[in-house]
Amino acid sequence: MKKLINVAVSVLLVVGLLMLSGCGNKNTNTSATSTEGNSTSGSSNSSGEATADSDSEAEGGYGMHHIELVVKDYGTIKLELDGDTAPITVENFINLANDGFYNGLTFHRIMDGFMIQGGDPEGTGFGGSDQTIKGEFASNGVQNNISHKKGVISMARSQHPDSASSQFFITVADSEFLDGNYAAFGVVTEGQDVADKIASDARPVDNNGTIPSADQPVITEIIVVD
């Protein structure tokens, strides 16, 4: 019964993955992640948000990369990022990690039986980096065969398909209903137990997975191995 309830909650709140608490435009309050910023490259989408150029996609790939996501008091989650499937997403994530953007940020939204979401510099769901990127998923015209099984990393976004910025989530349960609508870009290779523990320890204050700031697990650093 608990599993059925978790699945029902996940389906009902999938829009919140990234409308109510994913990543979007602070100015319109349609989501919890701000994608406003002063991008130095790219063009503007229909929402007026800065969006990254798609040169990497045109070149056909960004290769496979490996990262280590270190969470204070929990341990390390190792992931393999698939830049051949989602080159724009992977390049954006790695650039942010190399710049130290994620160091000291938190997991602000956690739903046991669904996912853990982080990467917001404000820790509220309304923060983001200085630019948004093209959404690399089927409903946005991009082939992406990474299914949202347990242990997949994917990008949070608002209703606008090209609104992803810095917020990401890691699934702690199979969530294939997200396939085709969110840019999955890698998988956990070690440390899924760390993500699971973060999810099981969480005490959200509402049905949307909101975690009080004082209780948000801290991302010590994200190390780009290769």
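This passage describes a sheet, the helices lying across it, one buried residue and one cavity in a predicted model.

The strands considered here form an open sheet of 8 strands, arranged in the order S5-S6-S8-S7-S9-S4-S3-S10 with antiparallel pairing. Strand S5 (107-111) and S10 occupy the edges; each has a single partner strand, so one side of each is left without a neighbour in the sheet. On average, neighbouring strands of this sheet are turned by 25° against each other, direction ignored.

At the S5 edge, the strand is mostly covered, with 5 of its 5 residues buried. S5 runs antiparallel to S6, and 4 bridges join the two. These strands form a hairpin with 3 residues between them, and glycine 113 in the turn has a positive phi of about 85°. Within this pairing, methionine 111 stands opposite methionine 115 in S6. Strand S6 (residues 115-118) also pairs with strand S8 (residues 168-171), again in the antiparallel sense and over 4 bridges. There, methionine 115 is placed opposite threonine 171 in S8.

Two helices lie across strands of the sheet. Helix H3 (residues 87-98) lies across strand S3 (64-71), strand S4 (75-82), strand S7 (152-155), S8, strand S9 (184-190) and S10, and runs at about 120° to S10. Helix H4 (residues 192-201) lies across S3, S4, S5, S6, S8 and S9, with an angle of about 115° to S4.

At the other edge, strand S10 (residues 219-224) contains isoleucine 219. With a relative accessible area of 0%, isoleucine 219 is buried, because residues under 20% are counted as such. Not counting residues up to four places away in sequence, isoleucine 219 touches Leu69, Val70, Tyr102, Asn103, Gly104, Leu105, Thr106, Phe107 and Phe168. For one of these residues, phenylalanine 107, the C-alpha atom is separated from that of isoleucine 219 by 7.5 Å, although the two residues are 112 residues apart along the chain.

The interior was also examined for enclosed space. Rolling a probe the size of a water molecule over the atoms shows where empty space is left. A search of the whole structure finds 1 cavity of 30 Å³ or more, and about 30 Å³ of space lies in the largest cavity. The lining of the largest cavity consists of Gly135, Glu136, Phe137, Met155, Ala156, Arg157, Pro161, Ala164 and Ala183. By class, this lining has 6 nonpolar, 1 polar and 2 charged residues.

Methods. Residues are numbered from 1 along each chain as its sequence is written. This is a predicted model: local features need pLDDT of at least 70, side-chain atom pairs count only at pLDDT 80 or more; totals for chains, interfaces and linings use all residues. Side-chain values use heavy atoms; hydrogens and water are left out. On a 1 Å grid over the protein atoms alone, a cavity is a set of points where a 1.4 Å probe fits but cannot get out, and a pocket is an open set with protein on both sides within 12 Å along at least five of seven lines; lining residues have an atom within 4 Å of a point. Grid points are joined across faces, edges and corners, and a volume is the space filled by probe spheres set on the points. Ala, Val, Leu, Ile, Met, Phe, Trp, Tyr, Cys and Pro count as nonpolar, Asp, Glu, Lys and Arg as charged, and the others, Gly among them, as polar. Buried means under 20% relative accessible area, exposed over 50%, partly exposed in between (1.4 Å probe, protein chains only). Contact means heavy atoms within 4.5 Å. Two strands pair if DSSP finds at least two bridges between them. Axes are lines fitted to C-alpha atoms, for helices over the stretch in contact, and angles run from 0 to 180 degrees between N-to-C directions.
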